[in-house]
Amino acid sequence: MKKLIKRGFAALLALTLALGMSVSAFAAEGTADTKAAVVQKEYRLTNTDTTSPAETFTFTAEAEKVTDATHEDGTPLTKDDMPKLTIAPVVYEEGEAGSANSVKDLVVTTPVTAFPNVGIYTYKVTETASNTAGVTCSKQDLTLVATVYHEGFEKDMKVAYTFKVNGEKGDNIVNTYSAGSLQVGKTVVGALGNKSQKFKINVTFTAPEGKTVQSTINLSDGTKILPTEWSVDGTGRSTVTKQISLVDKETRTFSNVPYDVTYTVKEEPYEGYKATYSSNDGKENTVQAEGSISADNTVAHVTNEKNGDVVTGVILHSAPYVLLLVGVGAAAVAFLILRKHREV
């Protein structure tokens with residue numbers, strides 16, 4: 001009898017250990033916490049010496065499938081029975097992209113009690129597109145798996161979250177802020193070109209369709225273009241114009257301009273001057289310089305040319321010499337005619 005009791009106790013102990021190991025294996029892939037960080041979000045800079053605007057990244061989770069889950073009566077659970085998952089927004093302050101605070105946790109806030117029963121719940125996660133110019137949202141394939149289970153003999157359920165990025169665990173969700181600079185330069189040529197004159201140039205920036213500029217654009221003269229200075233034009237796009245003045249060989253640089261923002265550079269008209277515009281592509285025209293910010297440094301250049309008749313007084317001063325030459329020529333002709341008559 002004692003042997004039977006010992007054998008039964010040993011069997012029960014082995015079963016307990018086996019259950020404990022299976023539950024541990026069942027939940028090992030996730031983080032067993034109802035408010036756990038399940039993946040990390042990373043906010044990067046495309047180019048150094050740029051400053052990202054404040055940004056809030058949001059996510060939605062769509063029920064995809066549920067397995068190993070049943071109702072109390074034993075009938076299978078379907079995706080219609082899956083609870084709605086809530087993922088807390090990830091908030092970044094201005095300048096945090098590429099900084100020591102560029103990596104933050106993505107946290108699921110849905111409590112375990114929202115799940116109807118144990119099982120494996122799979123969700124497709126989508127990042128909400130940002131309407132901030134220069135900010136690129138993740139295009140990675142995001143899957144969130146919630147494994148709901150009992151640990152040991154406990155009655156209460158626990159949940160372990162596993163986030164997969166492009167089918168793999170452990171990768172960060174990456175967002176990027178991309179901005180560059182526009183350098184505007186001036187050259188004055190021509191005999192009558194005034195190299196000390198200041199020429200007024202209007203630089204206009206226009207945001208991509210459906211987006212707004214939340215970045216502060218810095219000028220090399222110390223001034224700024226703030227996000228509050230932008231306004232909506234007749235096409236519904238956000239735009240701003242800044243007037244600068246340049247003399248010959250002078251430049252002005254606009255930095256931290258988000259990618260895909262377009263620009264036009266057009267000078268005020270000046271009598272007698274012909275303005276020629278050129279950009280990075282090497283093309284020239286006489287209307288304006290235009291293009292889109294898509295690199296670390298973009299250049300637009302304005303060349304002013306003014307020519308005219310320059311009265312130097314050369315003809316007046318050389319008149320006696322011209323008359324002398326004419327006289328010498330006339331004397332030579334007269335000499336030849338006279339010589340000819342003598343020979344006859």
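Which residues do ring pairs link into a cluster? Select Y43, F57 and Y92, which are joined in this way, and then add K41, which lies over the face of F57 at 4.6 Å from the ring centre. Bear in mind throughout that this is a predicted model.

**The whole chain**

Zoom out and colour by secondary structure: the protein chain has 3 helices and 24 strands. Of its 344 residues, 35% count as buried, and the accessible surface comes to about 20,100 Å², of which 55% belongs to carbon and sulfur atoms. Among contacts between residues at least 6 apart in sequence, 74% join residues at least 24 apart.

**Confidence**

Next, colour by pLDDT, which averages 86 over the protein chain, with 79% of the residues scoring at least 70. Select residues 1-6, where pLDDT stays under 50 and the model has 0 contacts beyond four places in sequence; then select residues 8-30, where pLDDT also stays under 50 but the model has 18 such contacts. Where pLDDT is low, the predicted coordinates should not be read in detail.

**An open sheet**

Now display the open sheet formed by 7 strands, whose order is β16-β15-β19-β13-β24-β21-β22 and whose pairing is mixed. Its edge strands, each pairing on one side only, are β16 (224-225) and β22 (284-285). At the β16 edge, follow strand β15 (residues 217-219), which pairs with β16 in the antiparallel sense over 2 bridges; selecting I217 and I225 shows a residue and its bridge partner in β16.

**An aromatic pair**

A search of the whole structure finds 7 aromatic pairs. For one of them, select F199 and Y270, whose ring centres are 5.1 Å apart and whose planes stand at 75 degrees, so the pair is edge-to-face. This pair links distant parts of the chain, since F199 belongs to strand β14 (residues 199-206) while Y270 sits in the loop between β20 (262-267) and β21 (274-279), 71 residues apart. F199 is buried, with a relative accessible area of 0%, whereas Y270, at 22% relative accessibility, counts as partly exposed. Keep F199 in view and add K186, which lies over the face of the F199 ring at 4.6 Å from its centre.

**The start of β18**

Finally, centre on S238, which is found in strand β18 (residues 238-246). Is S238 buried or exposed? At 10% relative accessibility S238 counts as buried, because the cut-off for that class is under 20%. To see its surroundings, show the residues in contact with S238 beyond its neighbours within four places in sequence, namely F205, T206, A207, K211, W230, S231 and V232.

How values were computed:
Residues numbered from 1 in each chain as written. Predicted model: local features only at pLDDT ≥ 70, side-chain atom pairs only at ≥ 80, totals over all residues. Heavy atoms only, no water. Helix = DSSP H or I, 4+ residues; strand = E, 2+ residues; numbered from the N terminus. Buried < 20%, exposed > 50% of the residue type's maximum accessible area, 1.4 Å probe, protein only. Contact = heavy atoms within 4.5 Å. Areas by Shrake-Rupley, 256 points an atom, 1.4 Å probe, with all protein chains shown as cover. pLDDT = per-residue confidence, 0-100. Pairing = 2+ DSSP bridges. Phe/Tyr/Trp six-rings, centres within 6.5 Å; stacked < 30°, edge-to-face > 60°. Lys NZ or Arg CZ within 6 Å of the ring centre and 35° of its normal.
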